[in-house]
Amino acid sequence: MFDRLLFALLLLPTGSFGADYYLSAAGRDTNSGSSSQAPWRSLNKINDLILDPGDRVFLRGGDNFSGSLFFDAFDRGTAASPIRIGSYGTGRATILAGDGDGILAYNTAGFVISNLNLRGSGADVNDGAGIIFYTDLPGGVKLKGVTLNKIDASGFHHAGVEIGAWNGTAGFTNVSIDRVRAYDNARNGINVWGYDAPGFKGYAHAKVYITGSFAYRNPGVSGVREPTGNGIVMSNVDGGRIARCVAHSNGERNTSSSGPIGIWAWRTNRITIQFSESYGNRTTSGAADGGGFDLDGGVTNSTLQYTYSHDNDGAGYLFAQYDSAPSFKNNVIRYNISENDGRRNRSGGIVVWSKAPLEISNSHIYNNTIYLSPSPTGNVCGIRVASQTSSLSIRNNIISTTSGAPLLCVAGGQKGLAIQGNNYWSNGSPFKIYWGPTRYSSLSAFRVTGQETLNGVSTGLAVDPGLVNPGLGGTIGNPNRLNKMLDYRLKTNSPLVNRGIDLKALLGLSTGTRDFYGTGLPQRGAYDIGAHELAY
């Protein structure tokens, strides 16, 4: 057994070897702690150490350890030789944090933490986070290197995992959060945040990547102003990605007028959200949101693509700009699928909203597929532009509603809004598009607004899109299998094949190289309408 353990440890990548420390529920704090044959018992033995680059801490798999681990600026790894914290033997070790944090790292980085369970005393009792890296160092310092891998965190008040900062542009860079499960926490599943104030410029964090992670049953907190009950939320980051993640069943206790969302970003730059599923997220009656995905206040140069949203209380996809936020511009929602979102309030498959006088500007919504049925607790619309925008475009989308739900609802006061090349299908019910207070009952009548024309030529269709099995996408639950959901593929005889506007050639938009399903763009010499590009 010892030989196999030693061999496994030698396989762990490291730049240079430091000291190894072992803990076991059967250990003794009078032991040396330097081997699995003489382990310590309590977490405080680690807290009493000053850890150096290359040091490794091993907790015996299957054992429970009460208390918390605490690291500060004296404990500092490097990119080449990080400090490693994890399990040894069989299974994962569990830290029982009680009412506090499971692992707190303050003003330090250069850590790899993996293969651990963190358990708090309960979302309504605990006052900490499962793992939190936090800095308030002066001078805009960005601490380098935080890797969290194969972590299971539940029963905490603030979050399962947090990366936080609160001193101007001080923060973290090169952060990887991979294969984390954050659930049954009060406020958030996974939360990345930094300093924010009206007029503040800059970002706390850079190069933050959240992948392969699940955030669910994080219910939120009633009676507080800020949005709670988020699945995965990233803010104050310049350069990052959320990919192959799932968020569901969050937010049921939120009462805030500004949230929550399953997976979203705000006050960020150059963020990509992709290959993910968000469903069954909630909010309370009269409160806001409870949606699937969101690019929110102060987001710039970011893209939301190749994701699946369904059965959320709020919008499947949201562009939002709150008051006092930095500019919202140059953002894209493309090649996504929304099924029966907007179950509460005035929502829909895709919603655009801003708080006057701020606006959504120079942003684009194209090649998405929306399927929407009415909700007994919501005033739904396929795509809703709820406030004034500047240079927004909505093109090449499939908007399919049932039982008379409106297809498109646009508030007055738009500047440079372009709606072109979309397909509107009301499934045999009356055709409804609302332009301000005016209702249009046909696509041809709607064109009097100047929309659905390009260079003097009529665009858009109002036909059955010929989808394989719309309305029956259901729950996938595995982000690696989203492309196996066949329900929103176009049939071979679909009238939408080759009917999309060539956004790159005619309008200079870069549409990417693939559709929702991974098919290359374009096929058959032209672009299709919706999230699927039919291959030969």
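1. In this predicted model, a disulfide joins C381 to C409, with the two sulfur atoms 2.2 Å apart. A search of the whole structure finds one disulfide. C381 belongs to strand 32 (residues 381–385) and C409 to strand 35 (residues 408–410), so the bond ties together parts of the chain that are 28 residues apart in sequence. The torsion about the S-S bond of C381 and C409 is about 105 degrees, and the disulfide is therefore right-handed.

2. As to the surroundings of these cysteines, C381 counts as buried, at 0% relative accessibility, and C409 is buried as well, with a relative accessible area of 10%. Another cysteine, C245, also counts as buried, at 0% relative accessibility.

3. Turning to the aromatic side chains, the structure holds 21 aromatic pairs. One of them is formed by F71 and F111, whose rings lie 5.0 Å apart from centre to centre with 45 degrees between the planes, an arrangement classed as tilted. Because F71 lies in strand 4 (residues 69–71) and F111 in strand 8 (residues 111–120), this pair ties together parts that are 40 residues apart in sequence. Both partners are shielded by the accessibility criterion: F71 counts as buried at 1% relative accessibility, and F111 is buried with a relative accessible area of 1%.

4. A further aromatic pair consists of W266 and Y322, with ring centres 6.3 Å apart and planes at 70 degrees; since an angle over 60 degrees counts as edge-to-face, the pair is edge-to-face. W266 is in strand 19 (residues 261–266), while Y322 is in the loop between strand 25 (317–321) and strand 26 (328–329), and the pair links these distant parts of the chain, 56 residues apart.

5. Aromatic residues also gather in a group, for Y106, Y134, W166, W193, Y195 and F200 form one aromatic cluster. In addition, arginine side chains are found over tyrosine rings: R267 lies over the face of Y203, at 5.6 Å from the ring centre, and R524 lies over the face of Y536, at 5.3 Å from the ring centre.

6. Side chains of opposite charge can pair when their charged atoms come close. The count of salt bridges in this model comes to twelve, and among them is the one between D20 and R56, whose closest N and O atoms are 2.9 Å apart. This pair links distant parts of the chain, with D20 in strand 1 (residues 20–23) and R56 in strand 2 (residues 56–60), 36 residues apart. R56 is buried, with a relative accessible area of 3%.

7. The side chains of R270 and D238 meet in another salt bridge, at 3.0 Å from N to O. R270 is in strand 20 (residues 269–274) and D238 in strand 17 (residues 237–243), so that the pair links distant parts of the chain, 32 residues apart. R270 is partly exposed, with a relative accessible area of 49%, and D238 also counts as partly exposed, at 22% relative accessibility.

8. Finally, R344 forms a salt bridge with D313, the closest N and O atoms being 3.3 Å apart. R344 lies in the loop between strand 28 (337–339) and strand 29 (348–354), and D313 in the loop between strand 24 (308–310) and strand 25, so the pair ties together parts that are 31 residues apart in sequence. R344 counts as partly exposed, at 25% relative accessibility, whereas D313 is buried, with a relative accessible area of 5%. These two residues are linked with R282 in a network of salt bridges.

Terms used:
Residues are numbered from 1 along each chain as its sequence is written. This is a predicted model: local features need pLDDT of at least 70, side-chain atom pairs count only at pLDDT 80 or more; totals for chains, interfaces and linings use all residues. Side-chain values use heavy atoms; hydrogens and water are left out. A disulfide is a pair of cysteine sulfur atoms within 2.5 Å. Helices (H or I, at least four residues) and strands (E, at least two) are DSSP runs, numbered from the N terminus. Buried means under 20% relative accessible area, exposed over 50%, partly exposed in between (1.4 Å probe, protein chains only). Rings of Phe, Tyr and Trp (its six-membered ring) pair if their centres lie within 6.5 Å; planes under 30 degrees apart count as stacked, over 60 as edge-to-face and the rest as tilted. A charge sits over a ring if NZ of Lys or CZ of Arg is within 6 Å of the ring centre and within 35 degrees of the ring normal. A salt bridge is a side-chain nitrogen of Lys or Arg within 4 Å of a carboxyl oxygen of Asp or Glu.
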